[in-house]
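Please examine the cysteines of the protein shown here. The report concerns their pairing and their surroundings.

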Amino acid sequence: MWHSVLLALLGLSGCFAAVIVSVPPELEVELGKRTAIPCTHTISGNPTSRQVEWFITDKNSQRQRIGYRDEEMTMVDENTDYTGRVYVDADFSLVINEVDLIDERTFYCQVTAGASGSGEAMSNLKVFDPPEVPEVDSTVGVLSVTTDTAQKIATCTSRNGNPAPSITWYKDGAVLPVRADRNNKMYMVARTVKEASGLHSVSSTLYMKPTKEDKDSHFYCTVQYLMPKGKTESLMSEKFNLTLHYYSENVKFELVSGPVKEGDNVMLKCEADGSPPPEYTFFRVESDGEVEIQSGTESILTLENISKSQSGTFRCQALDFDTPAEIQLVRDLQVSVNYLDPLTLVPAKATTINLGSDLDLACSGTGSHMPKLAWRKGKEHVSDSGSLSLRKVTYRSTGAYTCEATVPEVPGLHKEQSVRIIVEGKPEIEEKEYKSEFSGEGEAVTLTCSVLGHPEPKVTWSIPDVQPSVSSSGNRIMSEVTLVITQKLVESQISCSATNGFGTSKRSFQLSIVPTTAASTMSTEVDKQQGGSSTAIIAVIVCVLLLLFVVALFYFLQKKGKLSCGKSEKKSLTHKETNTNEVVVEMKNDKRNEQRGLLSSSGGGRPMGD
């Protein structure tokens, strides 16, 4: 009996049909984009009809159809949140244009196939929108490091994101651990607000007990948010620093510049590590106590045009009333001023020596360092030590000699002192070139007598009634005269003389007149002779070249058989001379007679027979 029932049931099972519907369980899309929710289905048996419908659940938890499609038509339902924004395409997918936050819900796809029955599946749509860049509202004012509780540091806010993003705090690039419980060291207070648009705005307020080490720290926050396909992205705020109030614990007192030398403007800098900076008082420490030099908020003491007498100890005291009494904010600084004493020269004063004699100069100096000494005359370097020997001095040895003292260890430390040396003796007249030849009378000539000597010599000219132009520079005197050339002047002896207490020197000037006409005539004749000789030589060369060319041409024609001379004809021509001044030449060709000619020295000629 049961066997018969089982066979009957198995026979009936072939009469049943089924509808299987498949949609993505979850679909992700960005706000404002277009998306399609596919609805695939299989129907067993032979359905007579098929209809696909899409539903949502409204705010009253009631199912509401928003669109459908059958084998003949497709339609969107009126008066729903999706009217005009969705449609069902040919493969029964629900297409949503410009996805909004209200689309983050469950969508139902229902397939009805007549006698085959119906089936349904649901898909959850998730909508993503990145938030705005986070902004930081840092605490305005000064934070004290001496308080015992955590203080509000700043608030980080990021607006309009979906899903709700999260905020992380950073200090110097390192993540600050999230602490929600209130304590005296550090914690965060987070807040999330759902805006009227449905997007989420988040904020996080950082509370912390700052320390002195935080004065140079950089703080910032980042917002992390989710995007489709499991991607996590982030945005970073601007960095900010804290303005802290902390007492001074240490003082630094130092020279701003390098080695100090006399005449410098020296700056001494005193700096405490408190904030805000304290006031400073500067002292000079004397053997019987300290003398106040400067007091106030200025942290630099300037000593202008310092001298070696100001070498010694200087003291700086920082006045910070928040600093515990056991911390001493006082520092001393030893200032050593480098200097050079005036140089000692031998000879110390201007010295006069005789021409051709010798002189030794010596220079010595002292100071904070042993100086390096050298001598120069004007810009010329003459010695690398403190000694200078002048041998067989000339008038050019006259001048100022300067001893220079430097200290290589202290750049710019320099001292110099000069002594003048005067060379005296008999005058010396310098030999300077002058124009000595003139084409004729009436030309002007300027003669110069340049004299070296000391004491200053007197310069005179051998020409009477002449007014020389005189100038002097150092131990040199320049006397110039301008004269008109005459025969009498040329024949006279022109000279200048220089005289002082040591003697007299004299120089003579030789002038001459060379007429330009005779010289020009001689030159022209020579040029003509040279020109005639050149023409004759060229003519001879051309004639020789022409003769060689004619000989070569005859030789070439004979070799080629173009020219032959019969012996009998040569003889007849030789014996048949009718004129001793005529020369007969016969030209003959073996093949045929081409030409015959008679060349005569008198220019006559006649034709010749064969």
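The text below describes the disulfides of this model, their geometry and their burial.

The model is predicted: local features need pLDDT of at least 70, side-chain atom pairs count only at pLDDT 80 or more, and totals for chains, interfaces and linings use all residues. Residues are numbered from 1 along each chain as its sequence is written, and side-chain values use heavy atoms, with hydrogens and water left out.

**Count and pattern**

A disulfide is a covalent bond between the sulfur atoms of two cysteines. Here the term is applied to a pair of cysteine sulfur atoms within 2.5 Å. By this rule the protein has 5 disulfides. With bonded cysteines counted along the chain, the pairing follows the pattern 1-2, 3-4, 5-6, 7-8, 9-10.

Three of the pairs are set out in the table, among them Cys-39 with Cys-109.

| Pair | S to S distance | Torsion about the S-S bond |
|---|---|---|
| Cys-39 and Cys-109 | 1.9 Å | -85 degrees |
| Cys-270 and Cys-316 | 1.8 Å | about -85 degrees |
| Cys-363 and Cys-403 | 2.0 Å | -80 degrees |

**Geometry and location**

Strands are DSSP runs (E, at least two residues) numbered from the N terminus.

The link of Cys-39 and Cys-109 is left-handed, with -85 degrees about the S-S bond. This pair connects distant parts of the chain, 70 residues apart: Cys-39 sits in the loop between strand S3 (35-37) and strand S4 (40-43), while Cys-109 belongs to strand S10 (residues 106-112).

The disulfide of Cys-270 and Cys-316 is left-handed because the torsion about its S-S bond is about -85 degrees. Distant parts of the chain are again linked, with Cys-270 in strand S24 (residues 266-272) and Cys-316 in strand S28 (residues 312-319), 46 residues apart.

For Cys-363 and Cys-403, the -80 degrees about the S-S bond likewise give a left-handed link. Cys-363 lies in strand S33 (residues 359-364) and Cys-403 in strand S37 (residues 399-406), so this disulfide ties together parts that are 40 residues apart in sequence.

**Burial**

Buried means under 20% relative accessible area, exposed over 50%, and partly exposed in between (1.4 Å probe, protein chains only). Both Cys-39 and Cys-109 are buried, and Cys-363 and Cys-403 are buried too. Cys-270 counts as buried because its relative accessibility is 0%; Cys-316 is also buried, at 0% relative accessibility. Cys-543, in contrast, has 51% relative accessibility and therefore counts as exposed.

Note on methods:
Helix = DSSP H or I, 4+ residues; strand = E, 2+ residues; numbered from the N terminus.
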